[in-house]
Amino acid sequence: MVAANNQVYNVQCEHCGILYHILADEEDMIGWLGGSGYIQDLMPYLTAAERELLISGTCDHCWKIMYGDA
């Protein structure tokens, strides 16, 4: 569940250019960007695809094209 201090983060896929909107707690985002922990521990409420988009700039669709469904 997202805490009360949530923000919408606009993230564009570096491969297809689609803009995604990810809702995340601002303190969690600051903590992750500052190296306070792993993204999956700080933001377990995000899907794996949303976390990957934040980490690598690759959306789920492009990820599956490049690496398959595995």
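Lys 64 is partly exposed, with a relative accessible area of 39%. Keep in mind that this is a predicted model. The partner to look at is Asp 60: its side chain and that of Lys 64 meet in a salt bridge, 3.1 Å from N to O. That's the one salt bridge the structure holds. Both residues sit in helix α4 (residues 60-67), four residues apart, which is about one turn of the helix. Asp 60 is partly exposed too, as the table shows.

| Residue | Relative accessible area | Status |
|---|---|---|
| Asp 60 | 33% | partly exposed |
| Lys 64 | 39% | partly exposed |

Now for helix α1, which spans residues 26-33. Which of its residues are buried? They are Asp 28, Met 29, Gly 31 and Trp 32. Look down the axis of α1 and these buried residues fall within an arc of 160°, so they line one face of the helix. Turn to the face pointing away from that buried side and you'll find the exposed residues Glu 27, Ile 30 and Leu 33.

What do the buried residues of α1 pack against? Two strands, β1 (6-12) and β2 (19-25), and two helices, α2 (39-42) and α3 (48-56).

The ends of α1 are worth a look as well. At its start, a side-chain oxygen of Asp 25 reaches to within 3.1 Å of the backbone nitrogen of Glu 27. Glu 27 also turns up among the exposed residues on the face away from the buried side. Just after α1, Gly 35 takes a positive phi of about 85°.

Definitions and conventions:
Residues are numbered from 1 along each chain as its sequence is written. This is a predicted model: local features need pLDDT of at least 70, side-chain atom pairs count only at pLDDT 80 or more; totals for chains, interfaces and linings use all residues. Side-chain values use heavy atoms; hydrogens and water are left out. A salt bridge is a side-chain nitrogen of Lys or Arg within 4 Å of a carboxyl oxygen of Asp or Glu. Buried means under 20% relative accessible area, exposed over 50%, partly exposed in between (1.4 Å probe, protein chains only). The arc is that of the directions from the helix axis to the C-beta atoms. Contact means heavy atoms within 4.5 Å. A polar contact is a pair of N or O atoms within 3.5 Å; within protein, one must be able to donate a hydrogen and the other to accept it, and residues adjacent in sequence count only if both atoms are side-chain atoms.
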